[in-house]
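User: I have a protein model open here and would like to go through it. Can you help me read it?
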Amino acid sequence: MARIAFIGLGNMGGPMAANLVKAQHQVSGFDLAAASLQAAVAKGARAAASVADAVKDAEVVVTMLPAGKHVRAVYETEVLPHVARGALLIDCSTIDVESARHVAAAAAKAGLEMIDAPVSGGVGGATAGTLTFMVGGGDAAFARAKPVLQQMGKNIVHAGGSGNGQAAKICNNMILGVSMVAVAEGFMLAKRLGLDAQKLFDVASTASGQCWALTSYCPVPGPVPTSPANRDYQAGFTAAMMLKDLMLAQQAAQAAGATTPLGANAAQLYSLFVNGGSSEKDFSGIIRMLDGK
Ligand code: NAD
């Protein structure tokens, strides 16, 4: 049992903190939103009065915040000046690689170990404790963090040094965004050519067009009964989240000098889809935009 501070108790952080409580940890939670804090208290966390109050005698600090600017501000102005010596810092937010490396360097300067540990698996995975964690940081920090992460997830991957967890996440999601658009285009072309969607699925799912966006998350209703296409594209993984990750990938590509023209194109298409009012729809719903709907 450890004393854990959990900062950011929203859609993801709330259930993740609840799983740490279930694992018998003493969780001290803080969120700017009173309702989120109260929901965590109802699951057994202690309500801290501030970030400083939450971290002051924590052995482990976990953060699950919206974006890089929140992570930088929370660590630089609240966590690092107030956290107990020797505490392990774990940021699970999805943020830009540069911010992740910047904050980890600031932590190291303060004599603290920190990892970036973004997740995939969504709210369902957070609630069930089956998230995948992609971890960036040193070997010793990873070894310390692993047992804590295992209480919130089932697949814990050490991707390398600081920022590499974020890098793994955005590279994977860029592949996913591009492949979802490609699969959607295939089905739209099939429709215009009079080829039945199930027939295309039967061929492509066992041929060289095979990929996760097709076989596990097919964007047309029918072939994969569990895909959001069968429930009017209720998310799942929202288009807004996909756009966020594609923009992070573009930011990283520019900074690193990587050529990612299809990633850039996917980011523009998802931007159109989101700005057209579909931000909360599942990202596979982009097929409807390609269909002119
Ligand atoms: P959310 O908006 O529901 O939760 C974020 C919480 O952080 C909010 O409750 C907010 O009040 C709190 N917060 C913001 N600034 C704060 C501060 N200074 N101090 C304390 N609390 C603060 O978002 P979410 O869906 O839980 O996502 C969190 C992170 O996880 C994001 O980086 C997101 O990209 C990533 N993520 C989300 C999903 C998903 O399906 N929702 C999946 C994978 C990764």
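Analyst: Yes. Keep in mind that this is a predicted model. A place to start is the contact between its two domains: 10 residues of domain 1 are in contact with 8 residues of domain 2.

User: Where does each domain run in the sequence?

Analyst: Domain 1 covers 3-161, and domain 2 covers 167-290.

User: And what distance separates their centres?

Analyst: Taken over C-alpha atoms, the centres of domain 1 and domain 2 are 29 Å apart.

User: Back to the contact. How much area do the two domains bury between them?

Analyst: About 720 Å² is buried between domain 1 and domain 2, and 66% of that is on carbon and sulfur atoms.

User: Which residues of domain 1 lose the most area there?

Analyst: They are Thr94, Val97 and Met134. Together these three make up 52% of what the domain 1 side buries.

User: How many salt bridges cross the interface?

Analyst: The rule finds 0 salt bridges between domain 1 and domain 2. There are polar contacts, though: 3 residue pairs, with both residues at pLDDT 80 or more.

User: What kinds of residues does domain 1 put on that side?

Analyst: The residues of domain 1 that touch domain 2 are 8 nonpolar, 1 polar and 1 charged.

User: New topic, the ligand. Which residues come nearest to it?

Analyst: There are 21 residues around the ligand, and the nearest of them are Asn11, Met12, Asp31, Leu65 and Lys244.

User: Leu65 is on that list. Which of its atoms lies 2.9 Å from the ligand?

Analyst: A backbone N or O atom of Leu65 lies at that distance from an oxygen atom of the ligand. Pro66 also has a backbone N or O atom by a ligand oxygen, at 3.0 Å. For Leu32, a backbone N or O atom is 3.4 Å from a nitrogen atom of the ligand.

User: Last one. How much of the ligand does the protein bury?

Analyst: The ligand exposes 830 Å² when taken alone, and the protein buries 84% of that.

Key. Residues are numbered from 1 along each chain as its sequence is written. This is a predicted model: local features need pLDDT of at least 70, side-chain atom pairs count only at pLDDT 80 or more; totals for chains, interfaces and linings use all residues. Side-chain values use heavy atoms; hydrogens and water are left out. Domain bounds come from an automatic or database domain assignment. Contact means heavy atoms within 4.5 Å. Buried area is the accessible area (1.4 Å probe) that two parts lose on being put together, summed over both. A salt bridge is a side-chain nitrogen of Lys or Arg within 4 Å of a carboxyl oxygen of Asp or Glu. A polar contact is a pair of N or O atoms within 3.5 Å; within protein, one must be able to donate a hydrogen and the other to accept it, and residues adjacent in sequence count only if both atoms are side-chain atoms. Ala, Val, Leu, Ile, Met, Phe, Trp, Tyr, Cys and Pro count as nonpolar, Asp, Glu, Lys and Arg as charged, and the others, Gly among them, as polar. A residue is near a molecule or strand if one of its heavy atoms lies within 4 Å of it. Accessible areas come from the Shrake-Rupley method with a 1.4 Å probe; for residues, only the protein chains shown count as cover.
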